[in-house]
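Here is a protein chain to read from the whole down to its parts. Look at the overall form before turning to the domains and the ligand.

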Amino acid sequence: MSNRLQTDQIQELDAQHHLHPFSNHQSLRANGPRVIVRGEGAYIFDSEGNRILDGMAGLWTTNVGYGNKELADAAHAQMIELPFYNTFFRTTHPPVVALSRKLAELAPANINRVFYGSSGSESNDTAIRLARHYWVLMGEPKRRIIISRRNAYHGSTIASGSMGGMTHVHHHSYPLYEGFRHVMDPYWYGESFAGETPEAFGLRAAHAFEEEILRCGPENVAAIAAEPVQGAGGVKIAPDTYWPEVQKIVDKYGILLLADEVITGFGRLGRWFASEYYNIRPDLITFAKAATSGYIPLSGVLVGDKIVDALMEHDDDFNHGFTFSGHPVACAVALKNIEIMERDRLVPRVSEETGPALARMLARFKDHPLVGEVRSVGLMGAIELVADKKTRRRFADPGRVGLICRDHFFREGFIMRAVFDTMVCAPPLIWTGPQFEEASAVIQKALDLTLADVKGEITA
Ligand SMILES: Cc1ncc(COP(=O)(O)O)c(C=O)c1O
């Protein structure tokens, strides 16, 4: 069967039977999805035989790259030994114990326990329930409000979607689940006043939390929730003044801090957890994605000693959990994934080599006529496309130019994601010089092609 025929058939069956996440189904039907059939190292391959450099690590996920046989072998061995058993009814198993011990070693010092799920959304729902349950146990049941940020992405379930701050996610589920408030995100390029320094802006953005705490009444606030770096919101990197000030506010009002590390966990910022990079002390850290490099679903919440102590001291059930909490095969793969990352020094390499290489690569494009700002931290970065560099004027119909650019990337064999008109990347941690060179050449070409497409709209 020719490649084209095979592709047509897969696309047709997909169109008939598959509903995709986060999609406009009408335009997907009209254009058809690209069929990805294989992955190897830093590359994926489509059904037409095209090799594509994956600048998004799947979806912030495949940290050790594709086609890793060691991970497949770990899954195979565990499936033969014990493919599944639950951890509900006074049972446990070796892989979940070994992984929990390892995660306690990698996590910040005040964290020694793990609660498991299978997705980032589940881990955030778990953290929300844990935070509220904690305050009930502490005799302060009124503390239910969780303050997060506009543009945050915390997942797609009703609770995690409500904790997130994306209006286009909210609008499917009005009214939002109760008890969530949203404050500004620390997005200096997009939200600072004229002449406001990043430092001053960082403090102002942090104080938005305090203002909201006071509006709600501190006695009603359970937690602040935030991604250390907003990922799906467009790789928004807070100025240096932001996190120290947020930590001060958390301490001042004695509320919990929930760090959503579903993207930043497992090395993306050159530390196992970004909480360490930013020197914050969360009570709850949620993780998913790269815990297994995406080879099998696994998520969890790293739960701080303060909360665990409250659970231990009270004769009260925490009625929450999932059939697949602590799935043995997923735990075995996560353990092997961590072993590989440690052996190959993938996390320190982000600080020493790959992160600086990404920053250098992006810096090459800052003077391009379409580019308003380039930014990166560790191995996640963004190129923001604007119609006017001087005034930061956006293009009409946000997202249109981002998609044009994304399609040029795709056609040139490279994946970056478009968040409206911001092109974001988060490569696997295994990239070396040749991948950065290849990506750089494609970005130059795709930006030039996009510029040609929208030339009439920009102010040079
Ligand atoms: C920061 C963050 N939290 C939570 C989630 C939700 O994870 P999942 O899609 O596994 O439910 C995501 C997904 O991209 C995310 O980026």
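Of the 460 residues in the protein chain, 48% count as buried, meaning that 20 or more other C-beta atoms, placed from the backbone, lie within 10 Å of the residue's own. This is a predicted model, in which local features need pLDDT of at least 70, side-chain atom pairs count only at pLDDT 80 or more, and totals for chains, interfaces and linings use all residues. Residues are numbered from 1 along each chain as its sequence is written.

The radius of gyration of the protein chain is 22 Å, which agrees with the value near 23 Å for a compact globule of 460 residues. That radius is taken over C-alpha atoms, and the globule rule is 2.2 Å times the number of residues to the power 0.38.

The protein chain has 17 helices and 15 strands; these are DSSP runs, with helices (H or I) of at least four residues and strands (E) of at least two, numbered from the N terminus.

The domain assignment, which is automatic or from a database, gives domain 1 (34-64 + 345-457) and domain 2 (70-343). Their contact takes 27 residues from domain 1 and 23 residues from domain 2, where two residues are in contact if their C-beta atoms, placed from the backbone, lie within 7 Å. On the side of domain 1 that touches domain 2, α15 gives the most, with 6 residues.

Which residues come nearest to the ligand? Of the 15 residues around the ligand, they are Ser119, Gly120, Ser121, Gly155 and Val262; a residue counts as near if its C-beta atom, placed from the backbone, lies within 6 Å. Helix α6 (residues 120-137) supplies the largest share of this shell, 3 residues.

Notes
A residue is buried if 20 or more other C-beta atoms lie within 10 Å of its own, exposed if 12 or fewer, and partly exposed in between; C-beta atoms are placed from the backbone.
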